[in-house]
Amino acid sequence: MTRTGFVIANLWRKKTRTVLTLLSIVTAFLLFGLLQAVNVLFTAGADFVGATRLVSQARVSFTTSLPLRLLPQIEAVPGVERVMWSQWFGGVWQENTQLVIQAVDPARLHDVYPELVMSDAEWKAFAETRTAFVAGRQLASKYGWKIGDKVPIASNIFPQQDGSKNWTFDLVGIFDGKDEEWQRQTNGGWINFAYFDEANQFGRGLAGVYIIRLSDPDRAAQVAETIDRMFENSPDETKTQAEKDFTVGFFKQIGDIGLIVRWILFAVFFTLLLVVGNTIAQSVRERIPELAILKTLGFSNGSVLGFVLAEAATLCVIGGLTGLAIATPLGVGILSATGLPIAVDGRVWLMGAIAIIVLSLAVGLLPALRAARLTIVDALAGR
Amino acid sequence: MSEAMVQVRNVQKSYVRGKQTVEVLHGLSLDIPKGDFVALMGPSGSGKTTLLNLIGGLDSPTSGEVVVGGERIDRLSGGRLAEWRARNVGFIFQFYNLMPVLTAERNVELPLLLTRLSAAQRRKSVAIALDVVGLADRARHKPKELSGGQEQRVAIARALVSDPALLICDEPTGDLDRKTADEILGLLQVLNREHGKTVVMVTHDPKAAEFASRTLHLEKGQLLEQAAAVA
């Protein structure tokens, strides 16, 4: 027998209680894994975009378009390397499946987003085909699309000039991401702006946002300020910000999901703290004479403290890791079912590991200190 | 007279219970030679268990000296005292105090986790200790699967396994029937006579005390012999 064996034997003293406690920890960490992944998505989820791009939108709202005539002025700002614009197309596939599709100039997209990986032939086809559509790998895979397919997509925002909401595009390319993070961003697609601009019913020459690739990321603040000042007091005032801030702000239109998630997690962990803390405390209370015997046999206060803490930590570690392990494939399932780039990845596991350590200490420390401070004579006498 | 295993010198012990200070031992002195088997008798509240706890290093005197095996244990701090207990004393209690989640052999092995013995060496020591108490065939049984006498034998094996010179027994037969009690006391006698263990046993039972080589009587925190001398 080892000390670890002794800890495990004590954990199995009341099997039902231990299993129920473990289940509560597993459930809490399953929730933690998924919710924290959502939290990451809505807060730090745009970290991967880096600091090389700015996004300029209409100051009023990103739902208001900006005229394309601003392009030359933006391009002329020192520090600007390349500018693209995109217009939100939306898109509905079949009955009511919403798609994230935007109209862009293919050549500019290629220059501004080198993270998107597609063959030269596909880029060329995208640029040269007016009805071209390129889909992200995940999107294409989800609906079984292949290059050469004609893809009918409806738009609730932009009907065609004949009033029809139905558009048909030629799938000419399937893009991927350069790394794991970017590969997760392949749930959307791009269409050729030239065709869209000419064929849609509402207004021409309008950009949803401008996306500006910087020659020097250190000049981002200066470039943003210059652009916004340039259009100050004009009918087309702009709000220019780092791409990450824009992305996070976009998500926050839905609400401060991060805050909501944090409050839910707080409630979950507070409850867990009470449940597990009570279990450990009760387990120590039931074993006062046994703990006194350990000390009688020569185990130091530190050893007894260690035994109780180890029991708490073992419960939390097994339950926590199991919960996170279940959450990981579930996250993948949610990703493929909804397209939301939820991933229980390294960051979530790291936060989970920290939560496990904090929880172990929070639930184990007080009972462990109580056990360590037992007076042998009083404990054996039942005082 | 042979070398003293236990020397208690002018020991006083008092406890604070609520707002009251209860003085349990009043300047008690006592010598127990190595290899002795002493029974401590006396009415409830006479200080028997308190004296036993002081000799076993489970408690410290309010004043006075307690020397066991040549070591002033009343001066040892909590951690050092715990180490000392692990090396020098085996404890046997009335209610056995075994770990219910461990088998007999695991219970016996428990004190050896404090040593540097390898797993194989520990297993061998456990087997010997269980053999000495006649429970080799019950090694894999948990306490609830054993009779009271068998549980006490496991407790004795646990007390023996690290080969301490001193065995402290607090009412070791108080929870057993006469026949089983006699078997346990016989075993303690064997450990005393054949293995040279010094045994200090608290008991209320005069028949149990007959197994000891001498009996000391306590009353009101003093040995009767001392009290008589003072009078």
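Here are some numbered notes on this predicted model, going from overall confidence to chain B and then to where the chains touch.

1. Start with how far to trust it. The model scores ipTM 0.90 and pTM 0.70. Chain B has an average pLDDT of 90, and 97% of its residues score at least 70. If you want the weak spot in chain B, look at helix H8 (residues 224-230), where the mean drops to 60. Helix H3 (residues 104-109) of chain B is at the other end of the scale, with 95.

2. Now chain B as a whole. You should be able to pick out eight helices and 10 strands. Of its 231 residues, 51% count as buried. Take the contacts in chain B between residues at least 6 apart in sequence: 71% of them join residues at least 24 apart.

3. Find the open sheet in chain B with four strands in the order E2-E1-E4-E5, paired antiparallel. Why do E2 and E5 each have a side without a neighbour? Strand E2 (20-33) and strand E5 (71-72) of chain B are the edge strands, each with a single partner, so one side of each is left free of neighbours in the sheet. Helix H1 (residues 48-55) of chain B packs on this sheet and touches E1, E2 and E4 of chain B. The direction of this helix makes about 120° with that of E1(B).

4. Look closer at one pair of strands in that sheet. Strand E1 (residues 4-17) and strand E4 (residues 63-68) of chain B run antiparallel and are joined by five bridges. A handy landmark is B:Val8, which stands opposite B:Val66 in E4(B).

5. Next, try strand E8 (residues 198-202) of chain B. Is E8(B) mostly covered or mostly open? It is mostly covered, with five of its five residues buried. B:Thr198, B:Val200 and B:Val202 point one way, while B:Val199 and B:Met201 point the other way. E8(B) also has parallel partners: four bridges link it to strand E3 (residues 37-41) of chain B, and five link it to strand E7 (residues 166-170) of chain B. On the E3 side, B:Leu40 has B:Val202 as its bridge partner; on the E7 side, B:Leu166 is matched with B:Thr198.

6. B:Leu40 is worth a second look. The largest nonpolar core has 121 residues, and B:Leu40, B:Ile55, B:Ala157 and B:Val200 touch the most other members. Leaving out residues up to four places away in sequence, B:Leu40 touches several others, including B:Leu51, B:Leu52, B:Val200, B:Met201 and B:Leu216. A second, separate core of 53 residues includes A:Ile74, A:Ala135, A:Val151 and A:Leu214.

7. On to the meeting of the two chains. Here 18 residues of chain A are in contact with 20 residues of chain B. Which elements of chain A give two or more residues to this side? They are helix H1 (3-11), H12 and helix H15 (376-380) of chain A. H12(A) gives the most, with six residues. The chain A side divides into nine nonpolar, five polar and four charged residues.

8. Finish with that helix. H12 (residues 288-297) of chain A is mostly covered, with seven of its 10 residues buried. The buried ones run from A:Leu291 through A:Ala292, A:Ile293, A:Leu294, A:Lys295 and A:Thr296 to A:Leu297. Right after H12(A) comes A:Gly298, which has a positive phi, near 120°.

How values were computed:
Residues numbered from 1 in each chain as written. Chains lettered and ligands numbered in written order. Predicted model: local features only at pLDDT ≥ 70, side-chain atom pairs only at ≥ 80, totals over all residues. Buried ≥ 20, exposed ≤ 12 C-beta atoms within 10 Å, placed from the backbone. Contact = placed C-beta atoms within 7 Å. Nonpolar A, V, L, I, M, F, W, Y, C, P; charged D, E, K, R; others polar. Pairing = 2+ DSSP bridges. Axes fitted to C-alpha atoms, helices over the stretch in contact; angles between N-to-C directions. Core = buried A, V, L, I, M, F, W, Y, C linked by C-beta atoms within 7 Å. pLDDT = per-residue confidence, 0-100.
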